[in-house]
Amino acid sequence: MNERIKSAFDLLLNEAQDFCIGTEISELNALPDTLEFCREYYAKQKPVIFRNVLSSWKALHKWNPEYFKQQMGSKLVDVAVTPNGYADGLAVRHVDKKEYFVLPYEEKITMESFLERLDDPTGAVYYIQKQNSNFTTDFPELKDDIDTEIFEFAEKCFNKPPDAVNFWMGDEKAITSMHKDPYDNIYCVISGHKDFILFPPHCLPWIPKTLYPTGVYKRNENNQYYIEPVLEEHYNDEGEVESIGPEPLLTEWISIDPLAPDLAKYPQYSKIKPLHVRLNAGDVLFLPNYWYHHVRQSHKCIAVNFWYDMEYDSRYCYYRMLEELAKS
Ligand SMILES: O=C(O)CCC(=O)C(=O)O
């Protein structure tokens with residue numbers, strides 16, 4: 001990399017360090033009002049944990065596997081299934097020994113059998129993690145157990161309703177690999193705990209990324225999982241698919257695992273310091289858009305989160321520039 005760009009990146013890291021940007025996570029024991037939230041957290045794009053603020057939610061006292069079994073045992077739910085716990089993560093495909101970015105096998109099963117599979121330590125890893133507002137569309141019977149009015153302070157600040165409300169429940173082996181989202185995130189843990197590893201957006205130049213062939217898990221008749229490449233689609237001028245393949249679609253993904261970083265391969269990663277955050281039942285995290293996050297959980301942890309579309313402001317434009325410079 002060009003020396004001038006490299007020293008500009010070092011300057012970025014040092015300035016952020018000097019101004020304590022992304023060096024710690026604030027915590028409050030109550031929800032803030034709109035003005036405090038806007039000034040102290042949203043405007044500064046600073047994460048904050050609100051500890052133990054969900055006690056007014058019925059969900060906190062009611063939601064557990066037994067309750068779900070009684071209330072919706074026969075309901076069909078969409079589940080992400082993987083052999084290794086990484087839905088949307090990296091894995092080596094045995095056929096060609098290449099590393100792929102792999103999407104999960106998607107299965108519809110009853111809530112009761114989902115809960116049974118969570119108790120089977122030998123099988124594949126099951127995770128309800130569909131990020132398509134599945135709480136709103138798939139779990140209307142749970143709606144009254146959460147009180148979204150407590151987040152009025154945030155909604156006034158974002159000035160929009162959430163784009164998606166997602167429901168998460170799964171195995172402790174289910175891991176969400178490091179990524180970032182174009183959403184401001186209000187993340188609520190209802191039962192169990194979640195462990196987040198975070199980096200602020202300005203750490204981009206030190207977080208290695210690679211273009212990977214894309215695959216999707218499939219299951220054969222012996223219940224074994226294998227990776228099938230997702231082939232690239234070619235479009236005509238009308239935007240219709242003209243042909244498919246022969247090459248797999250390429251997906252850019254973060255190459256480093258923060259749980260076991262390969263520093264020999266990615267020495268630049270040692271320059272940045274992760275923030276570790278544990279959310280317990282009743283805790284809420286405000287995670288601003290474009291913050292990198294990696295997420296683990298306790299067994300049968302239950303969570304709900306609210307995604308608000310980010311504002312595409314000047315910060316986003318600088319970020320795009322940084323992305324281009326980091327490629328050079
Ligand atoms: O809870 C998880 O596993 C992942 C959460 C996440 O990535 C998000 O809320 O953006």
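These legends accompany several close-up views of a predicted model.

Local features are described where pLDDT is at least 70 and side-chain atom pairs count only at pLDDT 80 or more, while totals for chains, interfaces and linings use all residues. Residues are numbered from 1 along each chain as its sequence is written.

**View 1. A nine-stranded open sheet with mixed pairing.** Let us begin with the strand order, which is β1-β2-β18-β10-β20-β8-β7-β3-β6. Helices (H or I, at least four residues) and strands (E, at least two) are DSSP runs numbered from the N terminus, and two strands pair if DSSP finds at least two bridges between them. At the edges are β1 (26-28) and β6, each of which pairs on one side only. Neighbouring strands are turned by 25° against each other on average, direction ignored. Axes here are lines fitted to C-alpha atoms, for helices over the stretch in contact, and angles run from 0 to 180 degrees between N-to-C directions. Within this sheet, β7 and β8 (residues 164-170) are antiparallel partners joined over two bridges, and Ile128 stands opposite Met169 in β8.

**View 2. Helix α5 lying across β3, β6 and β7.** The helix (residues 111-118) runs at about 115° to β6. Which residues of α5 are buried? They are Met111, Phe114 and Leu118. A residue is buried if 20 or more other C-beta atoms lie within 10 Å of its own, exposed if 12 or fewer, and partly exposed in between, with C-beta atoms placed from the backbone. Seen down the axis of α5, the buried residues fall within an arc of 55°, so they line one face of the helix; the arc is that of the directions from the helix axis to the C-beta atoms. As a reminder, an α-helix has 3.6 residues a turn, so residues three or four places apart point the same way. The cover over the buried residues of α5 includes α4 (65-72), β3 (76-82), β6 (105-110) and β7 (125-128). Contact means that the C-beta atoms of two residues, placed from the backbone, lie within 7 Å.

**View 3. The four-stranded open sheet, with antiparallel pairing.** Here the order is β9-β19-β11-β17. Strands β9 (176-179) and β17 (275-280) stand at the edges with a single partner each, so one side of each is left without a neighbour in the sheet. The average turn between neighbouring strands is 20°, direction ignored. Between β11 (residues 193-199) and β19 (residues 292-297), six bridges form an antiparallel pair. Look for Asp195, which stands opposite Arg296 in β19.

**View 4. The shell around the ligand.** The surrounding residues are Trp168, Thr176, Asp181, Asn185, Tyr187, Lys194, His293, Val295, Ala303 and Asn305. Each has its C-beta atom, placed from the backbone, within 6 Å of the ligand. Two or more residues come from each of β10 (183-191), β19 and β20 (301-309). By class, the shell has four nonpolar, four polar and two charged residues. In this grouping, Ala, Val, Leu, Ile, Met, Phe, Trp, Tyr, Cys and Pro count as nonpolar, Asp, Glu, Lys and Arg as charged, and the others, Gly among them, as polar.

**View 5. The β4-β5 hairpin and the pairing of β5 with β12.** Strands β4 (residues 89-93) and β5 (residues 98-103) run antiparallel and share five bridges. Arg93 stands opposite Lys98 in β5. Four residues lie between the two strands, and Lys97 in the turn has a positive phi of about 60°. With β12 (residues 209-219), β5 pairs in the parallel sense over three bridges, and Phe101 stands opposite Thr214 in β12.

**View 6. Three loop residues: Leu249, Gln45 and Tyr290.** Leu249 sits in the loop between β15 (241-248) and β16 (250-254). With 16 C-beta neighbours inside 10 Å, Leu249 counts as partly exposed. Leaving aside residues up to four places away in sequence, Leu249 touches Thr214, Val230, Leu231 and Glu232. Gln45, in the loop between α2 (34-42) and β2 (48-50), has a positive phi near 50°. Tyr290, in the loop between β18 (284-287) and β19, has a positive phi near 65°. Most residues other than glycine have a negative phi. Gln45 is partly exposed, with 19 other C-beta atoms within 10 Å.
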